[in-house]
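Q: I'm new to this structure and would like a close look at just one part of it. Could you pick a helix and walk me through what surrounds it?

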Amino acid sequence: MNKPPILPKESLFPIASLRSAEATTAQVTLEVLNPRGEIPPPPTLGIRPRLPNLAGKKIGLCDNGKFGASSFLDAIETMLKQKYPAATILRLPKPAAQTITLTKGWYPEVAAQVDGFIFATGD
Amino acid sequence: MYVTTSEFLDDARSAAKDRGMPQLRIVGVPADRYYRSRSSVAELQPIAAGAFNQIVDDLVRPLTAEEANPEQVHKELQGKTIKVGGTDYSDAAEQVNQLFLDSLWADGLPIVPPTERAVKWMLSGLSRSPDEVIGQVAPKNGTATIEKIAINAVMAGAKPEYLPVIVAAMEGFTDKNYDLTHMQASTGSFTPVVIVNGPIAKELNFNSGIGVLGHGWRPNSTTGRALRLCLLNLGQTWPAMNDMALTGRLESYTFFTFAENQDLSPWEPYHVSLGFKPEDSTVTVATVGNPIVLGGGAVAPWTAQGILDTIASRISNVGFGWFHSQTYIVVLHPDCAVELAKLGYTRKGVQEWLYERSRVPFETLIPVTVGFSHEAVVEFTRQTIADGRIHPARADVFKEALKPGGRVPVVQSPEDFHIFVAGGSPGYDLLFGYPGPNHANQTTKITSSTHTTAGR
């Protein structure tokens with residue numbers, strides 16, 4: 001993929017400092033303002049403990065409704081049933097896949113039904 | 001755990017971090033194979049098989065300490081200013097440009113260095129506190145303050161008198177009802193239109209005539225570019241990282257920014273039709289897809305009714321799925337609007353005519369997305385009626401239409417056709433459609449201007 005050179009965010013200010021150091025010998029110094037919006041970070045959460053194994057567990061297969069995701073999970077479901085016959089597989093497609101409303105209640109519903117879940121996006 | 005394609009791994013990791021779950025386990029399947037194999041389960045099976053062991057392992061492999069208790073992400077400490085040196089002004093400005101582009105803070109065209117003096121000059125155009133928070137900008141929810149907007153406006157080459165327009169547009173983008181994430185991140189080439197109404201448009205010399213979408217007009221170009229830079233820097237997006245527009249976004253540097261041609265319009269200004277006063281000035285922002293250029297012009301003859309027929313026909317043939325949120329920006333050139341007025345059309349009349357004539361026979365309802373069936377579109381539409389996304393007041397219209405012999409409206413109501421008059425005489429008509437999944441159209445009053453008579 002053709003991407004521009006990307007500086008890790010942590011390195012931005014050291015580079016700025018380097019520029020500042022250079023500026024001490026430069027004839028012209030421009031002091032410019034940072035154009036980035038500050039992001040108030042949400043609380044950082046850990047991920048849930050993993051399952052010891054899949055035997056006897058309920059595994060939810062969720063997709064975002066984009067074309068292909070469901071078919072991909074069809075293939076995963078077949079393999080799970082073959083390899084882990086004691087597992088229960090539930091198909092839980094995300095309702096109203098791309099809308100920003102109406103899905104908040106869906107996540108707790110999924111969590112209440114399964115021991116683990118695989119979420120596949122079609123893009 | 002989460003599965004996506006390899007081209008979306010950066011985007012997925014970024015989104016997981018944004019949502020407070022930086023340790024989310026993510027598996028990427030090869031994008032170059034996945035997208036060409038989506039027609040059947042059989043074609044996808046080898047790709048699923050290749051990812052299967054990793055998927056299962058991600059479900060059962062015990063957590064590391066960092067995964068269980070990740071370090072809290074703290075607000076990134078931002079240096080307010082950065083000193084950049086050069087042998088002369090041109091060299092220093094070039095160093096600023098390279099630093100900003102390397103940092104993903106610029107759009108690839110030269111920027112004006114946002115020095116404190118330049119930003120103070122920009123802020124002189126508005127009587128609001130630099131610290132005032134306008135809102136959070138999707139997708140990363142960067143905070144848009146008046147000062148941050150002004151910094152980006154300087155970079156874009158705007159003038160202080162444009163700042164009230166730019167700020168009002170940002171208020172529209174950050175409105176709680178506006179789905180900015182879709183425009184900022186979608187794989188489609190969605191992009192904004194920015195349309196200025198009211199006396200400030202003429203006072204600032206926005207182009208609304210011949211060349212309305214073209215270059216050469218500083219208000220149009222730099223207002224749009226300031227918004228491009230605000231969305232880039234405040235929402236913190238970058239192509240192929242979390243802005244996934246596969247072919248990029250049309251008019252990516254300046255957006256489609258213009259004013260309504262109120263002088264040549266036979267109708268009340270657009271903003272007045274929404275309930276604003278004639279002396280008010282407003283800016284409308286809306287997410288749109290690719291524009292279609294329709295009848296008019298200086299070459300072939302045309303009729304106003306023929307143009308309306310063409311618009312209705314084009315709308316009726318584009319495929320559907322999002323009736324609850326679909327909107328159209330219809331830009332009529334002045335001659336067309338005048339001829340329509342002679343035929344007795346008001347703006348409301350045009351809206352109602354398009355609403356009725358663009359209805360789609362139930363039997364020919366086709367999905368907007370390849371791979372979904374007619375039945376899926378019908379079922380999805382019924383779902384949007386049931387869950388209230390189609391307004392209860394309009395529900396009966398859709399229920400009645402969703403059966404054999406019915407004619408399904410392509411939008412919820414006639415007001416979802418937003419009719420503007422712009423361009424010169426002669427001119428062409430433009431149709432911008434938005435088939436997105438959520439609301440993305442907002443008109444905001446321009447206020448607090450200090451350098452203009454309007455918009456104060």
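A: Let's start with the chain that holds our helix: in this predicted model, 26% of the 123 residues of chain A count as buried. Chain A has three helices and four strands, and if you read along its sequence they come in the pattern α-β-β-α-β-α-β. Take the contacts in chain A between residues at least 6 apart in sequence: 73% of them join residues at least 24 apart.

Now for the helix itself. Helix α2 of chain A covers residues 69-83, which makes 15 residues. From its first C-alpha to its last it reaches 21 Å, close to the 21 Å expected at 1.5 Å a residue.

Which residues of α2(A) are buried? They are A69(A), S70(A), S71(A), F72(A), L73(A), A75(A), I76(A) and L80(A). As background, residues three or four places apart in an α-helix point the same way, because there are 3.6 residues to a turn.

And what covers those buried residues? From chain A, the cover includes the strands β2 (58-63), β3 (88-91) and β4 (116-120). Chain B joins in too, with its helix α3 (41-60).

That helix from chain B is worth following. In total, 88 residues of chain B are in contact with 61 residues of chain A. On the chain B side of this meeting, α3(B) gives the largest share, ten residues. That side divides into 43 nonpolar, 29 polar and 16 charged residues.

One of the covering strands also reaches across to the other chain. β4(A) pairs with strand β1 of chain B (residues 2-5), in the parallel sense and over two bridges. Here A120(A) has V3(B) as its bridge partner in β1(B).

Finally, a look at the nonpolar cores. The largest one has 114 residues, and I149(B), A150(B), A153(B), I166(B) and A169(B) are those with the most contacts inside it. Domain 2 (87-258) and domain 3 (290-434) of chain B both give residues to this core, so it lies between them. Leaving out residues up to four places away in sequence, I166(B) touches I149(B), A153(B), A158(B), T223(B), A226(B) and L227(B). Our helix shows up in a second, separate core of 24 residues, which includes A75(A) and I76(A) along with L44(B) and I55(B). Both A75(A) and I76(A) are among the buried residues of α2(A) we met earlier.

Technical notes
Residues numbered from 1 in each chain as written. Chains lettered and ligands numbered in written order. Predicted model: local features only at pLDDT ≥ 70, side-chain atom pairs only at ≥ 80, totals over all residues. Core = buried A, V, L, I, M, F, W, Y, C linked by C-beta atoms within 7 Å. Buried ≥ 20, exposed ≤ 12 C-beta atoms within 10 Å, placed from the backbone. Domains from an automatic or database assignment. Contact = placed C-beta atoms within 7 Å. Expected span 1.5 Å × (residues − 1). Nonpolar A, V, L, I, M, F, W, Y, C, P; charged D, E, K, R; others polar. Pairing = 2+ DSSP bridges.
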